[in-house]
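User: I'm new to this one and would like a close look at a single part: the place where the two chains meet. Could you walk me through it, starting with some background on the chain you come from?

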Amino acid sequence: MAELHQLEKSLLIALKDGKKINLHTLLKKTKLPYASVARASVWLSSKGYTKIEEVKKSFIKLDSEGKKILKKGLPERILVEAVLKNGGRTLVDIVSTLTELSKDELNVALGWGRRKEWLNFSRENGKMFIIVKEKPAKGIDEQLIEQLSKGSITIDSLTSQQILSLNVLMKRPKIIYRHEDVDRFITLTKLGRTVAKQVKEVGEEISQLSPELIKSGKWRDIRFRKYDIKAPVAKIWAGKKQPYLRFLDDMKQKLVSLGFTEMVGPTVEFMFFNCDALYMPQDHPAREIHDIYYIKSPSHGDLSSYTSLINNVKATHENGWETNSKGWGYSFSLEATKRLILRSQGTALSARMLVDAKLEIPGKYFSIARCYRPDVIDRTHLTEFNHVEGIVLGADLTFKDLLGILKMFAIETAGADKVRFKPDYFPFTEPSVELSAYKADSGWLEFGGAGMFRPEVTLPLGINVPVIAWGLGIDRIFMMKSGISDIRDIFSHDLNWLRSQKVI
Amino acid sequence: MPTIIVLFNDLQRLVGIQLPQDLDDLNEIFSFVKGEVESIDGDELSIEIKDGNRPDLWTVEGLARELRGALRIEDGLKEYAIEAYSGVEILVDSRLKNIRPYIACSIITNVKLNSEAVRELMRLQSKLDLTYGRKRTRTSIGLYNYDLITPPIRYSVAKPDEISFVPLGGVKELSLKEIINIHPKGLEYGYILREKKHWPILLDAKNKILSFPPIINSNDLGRISEGERDIFVEVTGMGYQTVLNTLMIVTLSLADRGEKILSTRIHYSYDDRTQDETPRFKTNNMMLNVSYVNQILGLNLNIQSIIELLKKARYDAYQTDRDTITLTIPCYRFDVMHPIDIVEDIAIKYGYNNIEPRWPQLNTFGSLSNLNVESNLAREVMVGLGFQEVLNFSMSNKSKLYKKMNLKDRNVVEISNPMTLNYNCLRDWLIPSLMEFLSKNSSVEYPQRIFEIDSCYLLDKTKPTGVREGTNLACVCIHSKANFSEMKTVLDAFFLNIGKTYDLREAIFGCFIDGRAGTILVDKVNVGFIGELIPEVLEEWKLENPVIGFEIDLDKVFGKY
């Protein structure tokens with residue numbers, strides 16, 4: 001036996017005695033709404049458990065004139081009762097003044113009154129009188145009209161006398177209206193009778209299983225209301241990491257797995273680490289107010305713990321110091337090194353790492369650093385952004401290794417198929433190189449820059465081995481990955497967008 | 001990095017061979033001279049020169065010179081020499097010492113200038129003024145039709161309303177003061193002089209004005225038109241060497257289109273300087289070890305191939321012993337400070353893409369910084385508690401940080417040169433950024449629960465930079481039934497999960513409802529606060545539902561402070 005719906009069970013129980021019943025009766029027996037019974041009866045029939053018979057029947061109901069008669073009575077009755085009230089005898093000429101009947105209705109009333117023998121005419125002294133002897137009993141036709149006041153009835157249910165009466169009434173205009181309709185009768189089939197026998201009486205329906213029901217064991221006597229498991233439900237939102245920060249997490253993970261140690265350092269930085277230590281001359285355009293945010297107060301900080309290093313850097317800028325360089329050849333300002341700014345490049349952290357007591361050689365370091373530049377914020381510019389940068393130190397490192405590191409980054413972090421190198425320029429590296437990565441779906445993309453720190457950078461800071469410095473442009477990779485074209489969306493304020501971001 | 005515009009036909013003529021028309025093929029060639037063609041527009045090539053320290057490449061003549069070497073049309077050093085002293089003397093007024101002290105001049109004869117060349121020349125001048133000249137503060141260039149000038153030339157000074165002349169391209173005489181105040185070039189560069197009492201002026205023997213350096217030339221003498229002419233070049237500036245360098249770049253460019261270079265004599269009357277002859281084309285020699293080159297590049301090049309590569313880069317080079325090359329550096333290569341600069345040239349001419357990349361086998365172990373390890377733990381807990389992480393700018397403004405939060409101003413890290421008043425300081429707490437976030441999402445389905453972990457910047461005289469940079473966690477929730485208990489539940493869960501205990505002490509905050517706010521203490525140290533935002537603040541941010549939030553200093557919580 002196929003699984004039966006609760007509604008089907010109810011119908012089967014109501015039909016159990018095998019009688020043929022119509023929908024109307026079924027509604028009464030099951031106490032279910034019409035739509036449910038109609039639906040369930042169709043299901044049962046399609047499973048072959050029931051047979052539905054449709055019987056055409058004739059019905060009658062009151063028409064417009066009939067409804068009027070129901071209130072006021074037949075015209076002939078109105079007439080005879082008016083005559084009786086007048087003493088049972090009235091001049092024909094004045095009878096119209098006794099009732100509100102129209103002339104036509106009066107003629108109808110006189111005709112039917114006479115035919116029903118409720119009145120007689122008599123001629124006296126040349127004048128015609130209407131004579132009514134007694135109040136006539138209620139006729140079959142009148143009873144039928146009253147019966148129809150409750151709605152339509154089938155002609156089948158009428159007695160033969162009533163049918164005669166109906167036929168007469170039908171001749172009179174707009175009293176009775178006759179129409180055909182279909183009634184549905186449902187009986188169990190043989191299969192249905194077998195199934196119905198197995199259906200148990202339906203018990204109490206429960207929506208929420210409660211601890212009380214479980215503990216008391218009452219759950220055995222109840223049945224669970226079935227849910228529409230396809231019905232929509234209220235939305236909830238998962239707690240999630242911000243997608244760009246999650247992307248940076250992945251980046252960190254990859255760099256750590258390649259043997260890189262994370263560097264951290266201050267955002268409010270000395271000009272010394274941001275520029276001087278990186279051999280950027282003090283009149284370099286990248287140090288101007290158009291390229292670096294200067295701190296209003298405090299404007300200068302305390303660099304006294306780096307005095308000897310600063311003196312090395314000063315001499316290097318001025319005349320090359322012991323680096324075998326001729327230097328920039330200008331007069332270096334010590335005061336300018338103390339100027340406080342917002343870090344404008346992640347390389348400042350690499351400069352700090354080179355003078356950090358924890359520096360290890362060989363060593364690989366990276367940082368994901370918030371950097372700042374005075375830019376008007378638009379689709380392609382942010383005034384604060386993240387630099388992914390780092391250094392690799394080792395006694396035997398060469399330009400070949402630098403290219404190898406870049407290639408590894410392109411493959412590991414950008415999923416590149418192939419790489420291409422071009423000459424580039426940074427004030428603090430020589431040789432310098434630009435990395436382009438190729439992916440089949442996006443073509444060539446400038447992805448990073450790198451170089452070997454100049455001796456004018458490393459030697460004054462006390463580093464005697466080659467140092468490879470690299471930086472990756474990962475924002476564009478993130479933008480491609482997440483399908484955004486406006487760089488401001490990295491710092492998205494759109495909660496719907498954040499909620500809709502996939503975690504894969 | 002400078003981007004220059006050159007005319008394809010002009011470049012092709014200067015290089016002397018047919019150049020490819022295709023962008024990729026062109027870039028193949030340009031990669032040997034640090035150039036990258038960004039776009040081709042008709043005859044105009046827009047080329048980015050990937051070197052901020054090689055003004056010699058920022059001219060079409062310089063690019064052509066370098067390309068002729070790279071393409072082996074011409075090898076080694078290109079000699080530039082002064083044909084003769086022109087007899088032109090420049091007399092420098094001693095009052096310029098503290099205004100714009102240095103000048104250097106040259107004359108190039110029979111320069112063939114068609115309309116293309118005139119345009120190239122103007123572009124070169126403005127490019128050098130802008131970049132190497134640092135928007136004319138460091139150096140500025142003037143070019144003149146030498147035939148119209150009567151030497152000797154005086155580099156002198158004038159008071160702002162003392163002298164008038166017709167500026168280049170104009171029709172009306174203007175005083176120096178008027179030029180500074182109303183002429184477009186005066187408005188653009190006037191800042192260089194405005195503070196000075198006397199302004200520089202360049203005149204000839206007949207008192208005709210050549211120019212008002214560094215603002216503008218005169219229309220009479222300072223206009224270059226098509227034809228074959230002798231050109232007088234003048235560069236003024238603040239640094240002796242940079243003035244000489246700039247003059248050299250311009251002179252060489254003109255020499256590549258002209259016949260002879262003639263020198264001029266500059267007479268100074270400063271204590272430390274008397275006389276000078278310009279231009280100067282001094283070459284330098286340098287020794288380069290083959291082993292040094294190979295050690296840097298990781299290659300195994302022999303001495304002959306290195307010498308060939310050097311010649312392609314327009315150095316003269318010859319072997320002096322088994323491992324040593326002696327090379328002559330072209331006069332215009334004042335970017336060469338160290339042998340490493342020459343090594344890069346060798347690598348570029350060898351071809352970066354001909355070097356096989358190698359992943360270095362260094363035995364290192366990677367790790368995250370402790371600071372981030374702890375932030376990540378805090379993030380993990382907040383995500384688990386159903387909060388969405390958000391990321392906001394760390395730059396902010398006092399109105400957002402305090403006024404809109406119903407708080408009194410505090411001293412924060414302010415920026416001297418903000419781009420907009422919206423971002424003129426660093427935030428010292430995070431909740432205002434979260435309020436702004438909620439404000440922008442008031443039509444998004446509630447409840448909303450968000451958090452942020454990021455640096456906050458507090459003035460602290462004990463730090464070398466005067467700033468303590470701590471890491472804060474802040475979170476807020478908003479919905480019609482949001483209340484203090486809900487957020488305290490989150491606070492409880494947070495501390496439970498990071499293995500710390502905390503106390504709450506009732507406190508009064510301008511931004512929180514009295515009696516519904518408190519200070520968060522860990523080991524008796526104040527680490528943050530929790531509270532329900534007052535309706536005034538909600539109104540400020542146009543929010544119509546209750547908001548509760550807390551903010552804690554993670555460095556203090558984890559005992560790093």
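Analyst: Let's start with chain B as a whole, keeping in mind that this is a predicted model. Chain B has a radius of gyration of 33 Å, whereas a compact globule of 561 residues would come out near 24 Å. Its C-alpha atoms fill a box of roughly 90 × 65 × 50 Å along the principal axes. Inside that box you'll find 16 helices and 28 strands. Of the 561 residues in chain B, 46% are buried. And if you take the contacts in chain B with a separation of 6 or more, 69% of them link residues 24 or more positions apart.

Now for the meeting place. Chain B brings 77 residues to the contact, and chain A brings 81. On the chain B side, several elements supply at least two residues each, including the helices α8 (290-297), α11 (370-384) and α13 (431-440), and the strands β23 (448-459) and β24 (467-478). The top giver on this side is α10(B), with seven residues. Sort the chain B side by residue kind and you get 35 nonpolar, 26 polar and 16 charged.

There's strand pairing across the chains too. Strand β12 of chain A, residues 295-297, is joined to β21(B) by two bridges, and the two strands run antiparallel. Look for A:Ile295 there: its bridge partner in β21(B) is B:Ile415.

Just before that chain A strand comes a loop, between α12 (271-274) and β12, and A:His290 sits in it. A:His290 counts as partly exposed because it has 13 C-beta neighbours inside 10 Å. A:His290 is also 8.1 Å from A:Asp375, C-alpha to C-alpha, though 85 residues separate the two in sequence.

What about the inside? In soluble globular proteins, nonpolar side chains tend to be buried together. Here the largest nonpolar core has 237 residues, and those with the most contacts inside it come from both chains: A:Leu406, A:Ile468, B:Ile103, B:Cys475 and B:Val476. Helix α7 of chain B, residues 240-255, gives the most to this core, with nine residues. To see one of those well-connected residues up close, pick A:Leu406: leaving aside residues up to four places away in sequence, A:Leu406 touches A:Val419, A:Leu435, A:Gly448, A:Ala450 and A:Trp470. There's also a second, separate core of 13 residues, with A:Leu12, A:Ala40, A:Ile186 and A:Leu188 among them.

Key
Residues are numbered from 1 along each chain as its sequence is written. Chains are lettered from A and ligands numbered from 1 in the order in which they are written. This is a predicted model: local features need pLDDT of at least 70, side-chain atom pairs count only at pLDDT 80 or more; totals for chains, interfaces and linings use all residues. Helices (H or I, at least four residues) and strands (E, at least two) are DSSP runs, numbered from the N terminus. The radius of gyration is taken over C-alpha atoms; the globule rule is 2.2 Å times the number of residues to the power 0.38. A residue is buried if 20 or more other C-beta atoms lie within 10 Å of its own, exposed if 12 or fewer, and partly exposed in between; C-beta atoms are placed from the backbone. Two residues are in contact if their C-beta atoms, placed from the backbone, lie within 7 Å. Ala, Val, Leu, Ile, Met, Phe, Trp, Tyr, Cys and Pro count as nonpolar, Asp, Glu, Lys and Arg as charged, and the others, Gly among them, as polar. Two strands pair if DSSP finds at least two bridges between them. A nonpolar core is a set of buried Ala, Val, Leu, Ile, Met, Phe, Trp, Tyr and Cys residues joined through C-beta atoms within 7 Å.
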